[in-house]
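This report describes one protein model together with its ligand. Please look over the sequence and the structure before reading on.

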Amino acid sequence: MSMVIVGGGLAAANAAKELRDRDYPGPVTVVAAESHLPYERPPLSKGILLGKAGPDDAVVNPQEWYAEQEVDLRTGTRAESVDLEARTVTLAGGEQLSYERLLLATGATPRTLSSFEASSLPVTTLRTLEDSLALKERLDRDLLIVGAGWIGLEVASAAVQAGGRVTIVDPAAQPLLAALGPEVGALFAELHRGHGVDLRLETSVEAAAGDLVRLSDGHELSPDLVVVGIGAVPDDSLARDAGLDVDGGVLVDASLRTSDPHVLAAGDVAVHDHPVLGRRIRVEHWDTAIHQGRHAARVMLGDEAPYDRQPYFYTDQYDMGMEYVGSVGPDGYDDVEISGSGLVEGLQVVWKRGGTVVAVMQANDWDAMDSLRARLGGA
Ligand SMILES: Cc1cc2nc3c(=O)[nH]c(=O)nc-3n(C[C@H](O)[C@H](O)[C@H](O)COP(=O)(O)OP(=O)(O)OC[C@H]3O[C@@H](n4cnc5c(N)ncnc54)[C@H](O)[C@@H]3O)c2cc1C
């Protein structure tokens, strides 16, 4: 029985590892478009930018692991199409791989901004190792960051620490508004302004021509570099072209199976029917890629269990680290309890809807996480 995994990121590498950890003895092939060993992306906007980690630190399984475990890792190879009936994957170059079970772990691609098409400024997104290594060399300059989301704020933190001057623009009223709401978003605004970041909220890029950028608040600037961090779109074209059900990502059931029982999806590309949250959710976070990758491998081996882990993510910015568990979701929250002294001094946050805890967070208060997590689903 052949297992094929398409996508060479965190979910894919963890799925391959789990297959071998569960003593699956048959052929396993990982088809990876990037030319590197599968790697973790969080260091790309943190340790690597700060010069505290190198590319090797981000690798999931070392090169020898693939040889020792007889996992056929095809780096620099794109899967072009999937034939669900014949159960084959066609690679760039024409080779066909047969599968008994197929895992799609193709991740996501950063959104770009058309406003910069007439601009002569260097404009970058941050998704790959190459993006990170190139950005690291230019952090000590005048940066315009478009988007006050996780990546924009982490790049701002690294740039400030590298001696760069940073302007961030975002049309929302607070950074991280959709994820954390206005109360905690405002604390992140304070954190960045306290480090000298020119954070311009309710502001967008109106026009860019030559080396000049005009913002909607009338401000003009000519940065050395523009970093666009406005989210990512799931790489679901392989699944869509094959005829699998797709809607803003690959639709999977509670056990990560797609509309074809021989094909699963995991990580950033998967829109999961979450059994605990009771709704569909696509989570673009490190912990989900790891655990869905491993879970998908077990389902490929015949386990039917649903994936019921609550979404978890973390960020590190300046001297602050935070963790968040749960999901407020589209219905929002009607109550938020904030305790502690501040993001840097120590903070705990509990979001509730209808009296039930839907999400919790700690910042620089690592011991608080277990008791916060225990409150999820309770009062
Ligand atoms: C800069 C950055 C920082 C982050 N920091 C954090 C953080 O601090 N905390 C956190 O929780 N999360 C963080 N994340 C999110 C986390 O890294 C992702 O959720 C995770 O990488 C998703 O893993 P994945 O395997 O689903 O997708 P990916 O890691 O994107 O891997 C998918 C791979 O599939 C390949 N691929 C696509 N199509 C094909 C094809 N047809 N054939 C072959 N290969 C294909 C792609 O090239 C890619 O290499 C960060 C992400 C980024 C970009």
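## A three-stranded sheet

In this predicted model, three strands make up an open sheet with antiparallel pairing, in the order 13-14-15. Strand 13 (205-209) and strand 15 (220-221) are its edge strands, and each of them pairs on one side only.

Strand 14, residues 212-215, is joined to strand 15 in the antiparallel sense over two bridges. Within this pairing, V213 has L221 in strand 15 as its bridge partner.

## A five-stranded sheet

Another open sheet is built from five strands with parallel pairing, and their order is 9-16-10-11-12. Strand 9 (123-124) and strand 12 (198-201) stand at the edges; each has a single partner strand, so one side of each is left without a neighbour in the sheet.

Strand 10 covers residues 142-146 and strand 11 covers residues 165-170; the two pair in the parallel sense over five bridges. I145 stands opposite I168, a residue of strand 11.

## The ligand and its contacts

There are 35 residues around the ligand, and those that come nearest are E34, R41, K46, R127 and D268. Two of the contacts involve side chains: an N or O atom in the side chain of E34 is 2.6 Å from an oxygen atom of the ligand, and an N or O atom in the side chain of R127 is also 2.6 Å from a ligand oxygen atom. The backbone takes part at A79, where a polar backbone atom is 2.9 Å from a nitrogen atom of the ligand.

On its own, the ligand has 990 Å² of accessible area, and the protein covers 94% of this. Helix 1 (10-21), helix 5 (150-161), helix 8 (286-300) and strand 22 (312-317) are the elements that give two or more residues to the shell around the ligand.

## The shell and the domains

Sorted by class, the shell around the ligand contains 17 nonpolar residues, nine polar residues and nine charged residues. Where does the ligand lie with respect to domain 1 and domain 2? Domain 1 (3-109 + 232-300) and domain 2 (112-228) both give residues to the shell, so the ligand lies between them.

## The annotated span

The UniProt record, an unreviewed entry, places the feature "domain: FAD/NAD(P)-binding" at residues 2-293. In the model, the end C-alpha atoms of residues 2-293 lie 17 Å apart. This span is 25% helix and 27% strand.

Methods
Residues numbered from 1 in each chain as written. Predicted model: local features only at pLDDT ≥ 70, side-chain atom pairs only at ≥ 80, totals over all residues. Heavy atoms only, no water. Near = heavy atom within 4 Å. Polar contact = N/O pair within 3.5 Å; in protein donor to acceptor, adjacent residues only side chain to side chain. Areas by Shrake-Rupley, 256 points an atom, 1.4 Å probe, with all protein chains shown as cover. Helix = DSSP H or I, 4+ residues; strand = E, 2+ residues; numbered from the N terminus. Nonpolar A, V, L, I, M, F, W, Y, C, P; charged D, E, K, R; others polar. Domains from an automatic or database assignment. Pairing = 2+ DSSP bridges. UniProt positions renumbered as here; feature names shortened; annotations may be inferred.
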